[in-house]
Amino acid sequence: MNSTAYLEGIKKQFAYYKSLGEKTIDQLPDEKLFWQYHDDANSIAIIVKHLWGNMMSRWTDFLTTDGEKEWRERDAEFENDIKAKEELLKKWNEGWQCLFGALDSINEDNFKQPIHIRNIEHTITEAINRQLAHYSYHIGQIVFIGIMMAGKDWKSLSIPKGKSSAYNKERFAVSKHKAHYTDKLMKDDTN
């Protein structure tokens with residue numbers, strides 16, 4: 001696989017996880033974004049704040065500086081001090097914008113350049129895959145908390161329970177060429 005194909009695929013993966021987080025946040029009343037199971041547990045707001053801090057540190061000057069910036073205050077990311085949904089969304093969007101901007105800066109000329117995170121050398125693919133795994137882990141937490149908070153009002157972000165056969169029947173009834181086009185149209189449905 002060449003670097004262009006890898007980057008296109010990885011951008012789709014990051015966009016997918018971003019959409020899962022956003023679809024979860026959209027389903028919840030504002031006050032549920034700040035709920036904590038207990039004082040040491042993370043709320044959705046705390047997880048968003050941590051993702052923001054990590055993204056800003058890892059992706060700012062991605063190609064030229066260590067991913068653990070001196071100015072990062074990781075421990076402060078776990079303080080429950082975001083007070084409004086607007087502030088949460090501002091951090092969410094700022095982090096993702098930083099990530100996608102960094103990915104857009106990667107090209108054939110710099111793809112083999114080493115990346116450092118906490119003074120450990122990574123290939124670009126290792127560094128990116130590390131972050132994809134980290135973000136999907138935390139977005140899974142966001143979704144799980146969202147499911148608990150929404151209860152019976154939760155709208156599935158995947159194939160709803162008991163609907164696999166109907167979904168597969170519909171998907172396999174479409175030709176492969178048409179399925180690729182349909183996938184683009186169904187992106188918001190999160191299959």
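Angles over 145 degrees between helix axes count as roughly antiparallel, and those under 35 degrees as roughly parallel. The exercises below apply this to a predicted model.

**Exercise 1. Determine how helices H1 and H3 are oriented relative to each other.**

Solution.
Step 1. Two packed helices are described by the angle between their axes and the distance between the axes.
Step 2. The axes of H1 and H3 cross at roughly 175° and come within 11 Å of each other.
Step 3. An angle over 145 degrees counts as roughly antiparallel, and H1 and H3 are therefore roughly antiparallel.
Step 4. On the H1 side, the contact is made by Ile10, Lys11, Phe14, Ala15, Lys18, Gly21, Glu22 and Ile25. The H3 side includes Leu88, Trp92, Trp96, Leu99 and Leu103.
Step 5. Sorted by class, this contact of H1 with H3 has 11 nonpolar, 2 polar and 5 charged residues.

**Exercise 2. Describe the packing of helix H2 against helix H3.**

Solution.
Step 1. Helix H2 covers residues 44-59 and helix H3 residues 85-104; their axes lie 8 Å apart, at an angle of about 30°.
Step 2. That angle makes H2 roughly parallel to H3.
Step 3. The handedness of the crossing of H2 and H3 is left-handed.
Step 4. The residues of H2 that meet H3 include Ala45, Val48, Lys49, Trp52 and Trp59, while those of H3 include Leu88, Lys91, Trp92, Cys98 and Leu99.
Step 5. By class, the contact of H2 with H3 has 14 nonpolar, 1 polar and 3 charged residues.

**Exercise 3. Establish whether Lys49 is buried or exposed, and list the residues that Lys49 touches.**

Solution.
Step 1. Lys49 is found in helix H2.
Step 2. The relative accessible area of Lys49 is 7%. Because buried means under 20%, Lys49 is buried.
Step 3. Not counting residues up to four places away in sequence, Lys49 touches Ala76, Glu77, Glu79, Asp81, Ile82 and Lys91.

**Exercise 4. Identify the elements that contribute to the largest nonpolar core, and locate Trp59 in this picture.**

Solution.
Step 1. In soluble globular proteins, nonpolar side chains tend to be buried together.
Step 2. The largest nonpolar core here has 43 residues, and those with the most contacts inside it are Phe14, Trp59, Phe62, Ile106 and Ile128.
Step 3. Two or more residues of this core are given by each of helix H1 (3-27), H2, H3, strand E1 (115-117) and helix H4 (124-150).
Step 4. H4 supplies the largest share of this core, 11 residues.
Step 5. Trp59 touches Phe14, Cys98, Leu99, Ala102, Leu103, Ile128, Gln131 and Tyr135, not counting residues up to four places away in sequence.

**Exercise 5. State the phi angles of Asp61 and Asn119, and classify the accessibility of Asp61 and Asn119.**

Solution.
Step 1. Most residues other than glycine have a negative phi.
Step 2. Asp61 is not a glycine, yet has a positive phi of about 50°. Asn119, also not a glycine, has a positive phi of about 65°.
Step 3. Asp61 lies in the loop between H2 and H3, whereas Asn119 lies in the loop between E1 and strand E2 (120-122).
Step 4. With a relative accessibility of 45%, Asp61 counts as partly exposed. The relative accessible area of Asn119 is 67%, and Asn119 is therefore exposed, the cut-off being over 50%.

Note on methods
Residues are numbered from 1 along each chain as its sequence is written. This is a predicted model: local features need pLDDT of at least 70, side-chain atom pairs count only at pLDDT 80 or more; totals for chains, interfaces and linings use all residues. Side-chain values use heavy atoms; hydrogens and water are left out. Axes are lines fitted to C-alpha atoms, for helices over the stretch in contact, and angles run from 0 to 180 degrees between N-to-C directions. Helices (H or I, at least four residues) and strands (E, at least two) are DSSP runs, numbered from the N terminus. Angles under 35 degrees count as roughly parallel, over 145 as roughly antiparallel, 65 to 115 as roughly perpendicular and the rest as oblique. A crossing is left-handed if the near helix is turned anticlockwise from the far one by less than a right angle, and right-handed if clockwise. Contact means heavy atoms within 4.5 Å. Ala, Val, Leu, Ile, Met, Phe, Trp, Tyr, Cys and Pro count as nonpolar, Asp, Glu, Lys and Arg as charged, and the others, Gly among them, as polar. A nonpolar core is a set of buried Ala, Val, Leu, Ile, Met, Phe, Trp, Tyr and Cys residues joined through side-chain atoms within 4.5 Å. Buried means under 20% relative accessible area, exposed over 50%, partly exposed in between (1.4 Å probe, protein chains only).
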